Amino acid sequence: MKNNYQKAHFLLSAADIVQLPPDQGIEIAFVGRSNAGKSSVLNRVTQNKGLARVSKTPGRTQLVNVFTLDDDRRLIDLPGYGYAKVPLAAKLKWQRTVDSYICERESLKGLILIMDCRHPLRELDVQLLSFCHQRGLPVHILLNKIDKISKSAAAATLRRVKEAVGASGQPLTLQLFSALNNMGIKELYALLDQWYGYA
Ligand SMILES: Nc1nc2c(ncn2[C@@H]2O[C@H](COP(=O)(O)OP(=O)(O)O)[C@@H](O)[C@H]2O)c(=O)[nH]1
Ligand SMILES: [Mg+2]
């Protein structure tokens, strides 16, 4: 039997938040620096390689990609950030789109912020956390690629990031994850089930 997330199918890509579907039901958005592993995480969660392929289609990487789980629930793939060579205009466009999505979207229940565990809390990650903080929106951080570092280094990273973000008083949770070997998938499903109201 398919789990709730395997049912995800592509609905549309939006260049601007006015192109999004009606603001009803529950949306959870996945976001992160380019190369942190957002596409790999989405593939894992939905067990559907086609999903991230859609998001990778040239021209769509800078768009908000919307996937439907059912009539009331959507999964949102926000454009990645932090490419070295992106022109300033594109950076500003990313900021505007993501900022207005986060600030205005009523159905947005929470964000899954994906970071490479070896390079956590880069500048735009912190900026994103602050957008969410302003709205009191919960964020769940995935420290991804945990298979790349030792267990003790992973534990130390978790502790360090927890300390760094804990001080803000923001509704925030975090976990270790690996899109490569599925580590942390149960914990992530439990969180998503709770936010989507499946639990
Ligand atoms: N070892 C390891 N590699 C990963 C993991 N997640 C993603 N990758 C690799 O990191 C690179 C970027 O992943 P991708 O999903 O395209 O990142 P995106 O740019 O954030 O969508 C690819 O080569 C992936 O195979 C992980 O958990 N472990
Ligand atoms: Mg990607």
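This is a short talk about the surroundings of ligand 1 and the packing of helix 1 against helix 6.

Okay, so before anything else, keep in mind that this is a predicted model.

Let's start at ligand 1. There are 15 residues around ligand 1, and the ones that come nearest are Asn35, Lys38, Ser40, Asp147 and Ala179. What's the make-up of that shell? We've got seven polar residues, five charged and three nonpolar. And which element gives the largest share? That's helix 1, residues 38–46, with three residues.

Now for some individual contacts to oxygen atoms of the ligand. Asn35 comes in through its backbone: an N or O atom there sits 2.7 Å from an oxygen of ligand 1. With Asn144 we're looking at the side chain, where a polar atom is 3.1 Å from a ligand oxygen. Ser178 also uses a polar side-chain atom, at 3.5 Å from an oxygen of ligand 1. As for coverage, ligand 1 on its own has 580 Å² of accessible area, and the protein covers 71% of that.

Okay, back to helix 1, this time with its partner. Helix 6 is residues 185–196, and the two axes come within 11 Å, crossing at roughly 75 degrees. At that angle, helix 1 counts as roughly perpendicular to helix 6. Who makes the contact? On helix 1 you have Val41, Arg44 and Val45, and on helix 6 there's Ile185, Leu188, Tyr189 and Leu192. By type, that contact has six nonpolar residues, one charged and no polar ones.

That's my tour, thanks.

Note on methods: Residues are numbered from 1 along each chain as its sequence is written. Chains are lettered from A and ligands numbered from 1 in the order in which they are written. This is a predicted model: local features need pLDDT of at least 70, side-chain atom pairs count only at pLDDT 80 or more; totals for chains, interfaces and linings use all residues. Side-chain values use heavy atoms; hydrogens and water are left out. A residue is near a molecule or strand if one of its heavy atoms lies within 4 Å of it. A polar contact is a pair of N or O atoms within 3.5 Å; within protein, one must be able to donate a hydrogen and the other to accept it, and residues adjacent in sequence count only if both atoms are side-chain atoms. Accessible areas come from the Shrake-Rupley method with a 1.4 Å probe; for residues, only the protein chains shown count as cover. Helices (H or I, at least four residues) and strands (E, at least two) are DSSP runs, numbered from the N terminus. Ala, Val, Leu, Ile, Met, Phe, Trp, Tyr, Cys and Pro count as nonpolar, Asp, Glu, Lys and Arg as charged, and the others, Gly among them, as polar. Axes are lines fitted to C-alpha atoms, for helices over the stretch in contact, and angles run from 0 to 180 degrees between N-to-C directions. Angles under 35 degrees count as roughly parallel, over 145 as roughly antiparallel, 65 to 115 as roughly perpendicular and the rest as oblique. Contact means heavy atoms within 4.5 Å.
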